[in-house]
Amino acid sequence: MALFRKSREITDFQIGNKVYLRGLIEYSNVCAKDCLYCGIRKSNRKQERYSLTDEEVIACAQYAFEQHYGSIVIQAGERSDHIFTARITAILKEIKKLSQGKLGITLSLGEQTLETYQEWFEAGAHRYLLRIESSDPKLFAKIHPHDKGHSFEHRLKSLHDIRKAGFHLGTGVMIGLPFQTLEQMADDLLFLRALDVDMVGMGPYIEHQDTPLYEASDFLLTRQERLDLAFKMIAILRLMMPDINIAAATALQAIDPMGREKALKYGANIIMPNITPNVFRNQYKLYEDKPCTDESPQECTTCLEARIHMIGSKIGYDEWGDSKHFNAHQKYINN
Ligand code: SAM
Ligand code: SF4
């Protein structure tokens with residue numbers, strides 16, 4: 001397809017042929033929120049809950065460091081109580097210490113106050129991913145409860161606060177949600193450009209039967225159609241924002257075993273191998289058919305390496321692989 005050829009060409013020219021790794025640590029599935037699409041939402045009583053111990057998180061980070069991954073992502077359900085935020089701060093400091101500052105850290109821990117974002121930035125994290133989920137406030141309202149904890153305006157404010165705190169800003173959307181139109185998806189892409197984001201993580205919506213949005217499954221496109229749309233969104237975004245980082249989301253792989261590798265061919269340049277201890281992976285189930293729940297981190301690494309080489313790309317070992325867009329943007333601000 002001409003679109004995919006062009007997006008590949010632009011990626012090679014702007015970013016190069018390297019794929020950067022972010023070892024994904026699914027820190028906890030305890031969540032104070034109730035997003036209608038998510039398997040680990042607070043009200044899903046069927047979901048057993050876990051949080052990694054500090055030692056377990058540090059061991060994951062140590063593993064990523066020893067494997068020369070360059071960066072990690074710490075992701076979890078959303079909590080903003082002091083016990084949680086202080087624990088994250090302490091963990092960040094510890095990880096920075098063990099890697100002598102060499103391991104890059106991305107956080108994906110939801111909406112927090114500006115002060116918390118600042119505290120985590122100062123403790124050593126430097127990228128933050130918070131998806132807007134849909135840039136259309138009406139669709140956002142259809143997939144979230146209608147209360148103060150799930151407000152579109154607050155999510156937007158959080159995105160601005162993340163940037164204010166100094167982070168590289170990442171956001172994204174779900175693709176193929178029930179009721180979502182092509183116009184809304186096109187507007188999502190325009191939203192990402194208008195916000196001038198540094199990184200994007202977007203992937204197909206995948207239903208989970210223990211969530212309220214499951215009831216709207218009759219309104220869904222087929223999984224293959226959602227996957228194809230996700231590839232097209234990634235390719236078009238690469239044309240629109242040539243120098244940002246685009247992640248090949250795990251949800252792509254839940255539909256097609258080669259979904260993430262295909263996304264890398266069509267314009268993505270970041271991949272997040274799961275390095276969460278095996279015993280917990282099945283409990284961080286946002287959607288059905290989550291891939292790689294029974295493989296060890298070591299098996300994931302070997303498998304991923306082979307797959308990335310298969311598509312003719314190289315891995316940027318020991319590199320942060322920061323968004324070139326952020327650096328260009330900073331230079332512009334500083335001059
Ligand atoms: N709690 C944090 C937050 O919401 O930003 C971080 C973790 S949350 C599980 C990460 C992302 O998972 C969400 O932004 C959402 O887009 C995605 N997600 C949740 N449920 C999903 C589903 N059913 N299908 C696809 N993606 C889903
Ligand atoms: Fe919690 Fe994030 Fe899932 Fe929403 S998407 S319920 S905030 S884990």
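In this report a residue is called buried under 20% relative accessible area, exposed over 50%, and partly exposed in between, using a 1.4 Å probe and protein chains only. Gly-39 is buried by this criterion, because its relative accessible area is 0%. The structure is a predicted model, in which local features need pLDDT of at least 70, side-chain atom pairs count only at pLDDT 80 or more, and totals for chains, interfaces and linings use all residues. Residues are numbered from 1 along each chain as its sequence is written, chains are lettered from A and ligands numbered from 1 in the order in which they are written, and side-chain values use heavy atoms, with hydrogens and water left out.

**The loop between β2 and α2**

Helices (H or I, at least four residues) and strands (E, at least two) are DSSP runs, numbered from the N terminus. Gly-39 belongs to the loop that joins β2 and α2. Its C-alpha atom is 6.2 Å from that of Thr-211, although 172 residues separate Gly-39 and Thr-211 in sequence. Contact here means heavy atoms within 4.5 Å. Leaving aside residues up to four places away in sequence, Gly-39 touches Asn-44, Gln-47, His-208, Thr-211, Lys-285 and Leu-286.

Lys-33 is also placed in the loop between β2 (23–28) and α2 (54–66). Lys-33 counts as buried because its relative accessibility is 8%. Its contacts, again without residues up to four places away in sequence, are Arg-41, Lys-42, Glu-78, Glu-111, Gly-149, His-150 and Arg-155. Between Lys-33 and His-68, 35 residues apart along the chain, the C-alpha separation is 35 Å.

**The surroundings of ligand 2**

Lys-33 is one of the residues around ligand 2, together with Cys-31, Cys-35, Tyr-37, Cys-38, Ile-40, Arg-41, Gly-77 and Glu-78; a residue is near a molecule if one of its heavy atoms lies within 4 Å of it. This shell comprises five nonpolar, one polar and three charged residues. In that classification Ala, Val, Leu, Ile, Met, Phe, Trp, Tyr, Cys and Pro count as nonpolar, Asp, Glu, Lys and Arg as charged, and the others, Gly among them, as polar.

Ligand 2 sits in the largest cavity. A cavity is a set of points, on a 1 Å grid over the protein atoms alone, where a 1.4 Å probe fits but cannot get out. A molecule sits in a cavity if more than half of its atoms lie within 2 Å of its grid points.

**The nonpolar core**

A nonpolar core is a set of buried Ala, Val, Leu, Ile, Met, Phe, Trp, Tyr and Cys residues joined through side-chain atoms within 4.5 Å. The largest such core has 94 residues, of which Ile-72, Ile-74 and Met-202 touch the most other members. Helix α8 (residues 223–240) gives the most to this core, contributing eight residues.

Beyond residues up to four places away in sequence, Ile-74 is in contact with Ile-25, Tyr-27, Ile-91, Leu-92, Ile-95, Ile-105, Thr-106, Leu-107, Ser-108 and Leu-109. Among these partners, Ile-105 lies in strand β4. Ile-105 counts as buried because its relative accessibility is 0%. With the same sequence neighbours left out, Ile-105 touches Ile-72, Ile-74, Leu-92, Ile-95, Lys-96, Gly-124, Ala-125, His-126 and Arg-127. The C-alpha atoms of Ile-105 and Ile-95 are 8.8 Å apart, with their positions 10 residues apart along the chain.

**Helix α4 and its neighbours**

Helix α4 (residues 114–123) has Leu-114, Thr-116, Tyr-117, Trp-120 and Ala-123 as its buried residues. Their cover includes α3 (82–98), β4 (104–108), β5 (127–129) and α6 (152–164). In helix α3 lies Thr-89, which counts as buried because its relative accessibility is 8%. Thr-89 touches Glu-119, Trp-120 and Ala-123, not counting residues up to four places away in sequence. After α4 comes Gly-124, which has a positive phi near 130°.

**Positive phi outside glycine**

Most residues other than glycine have a negative phi. Two aspartates with a positive phi are set out below.

| Residue | Phi | Loop | Relative accessible area |
|---|---|---|---|
| Asp-196 | near 60° | between α7 (182–195) and β8 (199–204) | 22%, partly exposed |
| Asp-318 | near 60° | between β11 (314–315) and α13 (324–334) | 49%, partly exposed |

Conventions
On a 1 Å grid over the protein atoms alone, a cavity is a set of points where a 1.4 Å probe fits but cannot get out, and a pocket is an open set with protein on both sides within 12 Å along at least five of seven lines; lining residues have an atom within 4 Å of a point.
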